[in-house]
Amino acid sequence: MRKLSFASMKDPRISVRAALGTLLALNIIAALILFKPWGGSADDLERQLVTMRERLPLQQAALVKTKSVVQKVESARVEGEQFMAKYMLNGRSTYSSIVGELDRAAEKVSLKPKERQFSMEPIEGSDTLGMMTISAKYEGAYLNLTKFINELDRSPKFLIIESLQASPQPVGKAVNVSFKLNAFVRDEAGIQQ
């Protein structure tokens, strides 16, 4: 076996071989860069450019459509907020508002209020909306009853008559009426049962 010594390191053949090996490695790297550029060849880049130019109008159309949808959603949100503010009862003044509305309508058409019951249930999927159910009884003439229904229909608040039962009194032309009404309540503090 031959030992390598410091003297053999000075041998010109080893230095030439090392230099040739280094040059060979650099030539291979240069050839790779020249013949196969990392970004792709000119043809590859041209094909990518054509593909991107073909996609551009489609993506611009999608962007215009998305902007349109965003505008519609924003418009719907604003209109929804306006509807809620106008037609929903405020949670803090719900009972006094609904009692005042019913009393005003009954007094206007000469119906005599009797007993009332209220219950509140949250609307599923919302923390701030609830539905108030009002069971109320009135007494008066049939014509006044139809006027009362008309007054409720013209109410500035969103009231729904769920059911109505009228029965004549044994004496006179008066009728006893039982209403079941639904009103919607909005309370930012949250609806409780």
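1. Start with a small detail in this predicted model: a polar atom of the serine 126 side chain lies 3.1 Å from the backbone nitrogen of leucine 129. The side chain of serine 126 also has a polar atom 3.2 Å from the backbone nitrogen of threonine 128. So where does serine 126 lie? You'll find serine 126 in the loop between β2 (112-122) and β3 (129-141).

2. While you're looking at that loop, check what sits across from it in space. Serine 126 and arginine 186 are 60 residues apart along the chain, yet their C-alpha atoms are separated by 9.9 Å.

3. Now step back to the overall layout. The chain has five helices and five strands, and from the N terminus on the elements run α-α-α-β-α-β-β-α-β-β. Of the contacts between residues at least 6 apart in sequence, 65% join residues at least 24 apart.

4. Next, the inside. The largest nonpolar core holds 22 residues, and the ones with the most contacts inside it are Ile98, Leu102, Ile134, Tyr138, Phe148, Leu152 and Phe179. At least two residues of this core come from each of α4, β3, α5 (142-153) and β5 (174-186). Which element gives the most to this core? That's β5, with six residues. As background, nonpolar side chains tend to be buried together in soluble globular proteins.

5. Phenylalanine 179 is worth clicking on. Not counting residues up to four places away in sequence, phenylalanine 179 touches a list that includes Ile134, Tyr138, Leu145, Phe148, Ile149 and Ile161. Ser135 and Ser163 are also among the residues that phenylalanine 179 touches.

6. Strand β5 has a partner, too: β4 (residues 159-168) pairs with β5 in the antiparallel sense over nine bridges. Within this part of the chain, serine 163 stands opposite lysine 180 in β5. The hairpin of β4 and β5 has five residues between the strands, and glycine 172 there takes a positive phi near 90 degrees.

7. Have a look at glutamate 101 in helix α4 (residues 94-108) as well. Is glutamate 101 buried or exposed? Glutamate 101 counts as buried because its relative accessibility is 13%, below the 20% cut-off. Its side chain makes a polar contact with the side chain of arginine 104 (3.0 Å). Leaving aside neighbours within four places in sequence, glutamate 101 is in contact with Ser155, Pro156 and Leu159.

8. Last, the whole-chain figures. Buried residues make up 23% of the 193 residues. The accessible surface comes to about 14500 Å², and 59% of that belongs to carbon and sulfur atoms.

Key:
Residues numbered from 1 in each chain as written. Predicted model: local features only at pLDDT ≥ 70, side-chain atom pairs only at ≥ 80, totals over all residues. Heavy atoms only, no water. Helix = DSSP H or I, 4+ residues; strand = E, 2+ residues; numbered from the N terminus. Buried < 20%, exposed > 50% of the residue type's maximum accessible area, 1.4 Å probe, protein only. Polar contact = N/O pair within 3.5 Å; in protein donor to acceptor, adjacent residues only side chain to side chain. Contact = heavy atoms within 4.5 Å. Core = buried A, V, L, I, M, F, W, Y, C linked by side-chain atoms within 4.5 Å. Pairing = 2+ DSSP bridges. Areas by Shrake-Rupley, 256 points an atom, 1.4 Å probe, with all protein chains shown as cover.
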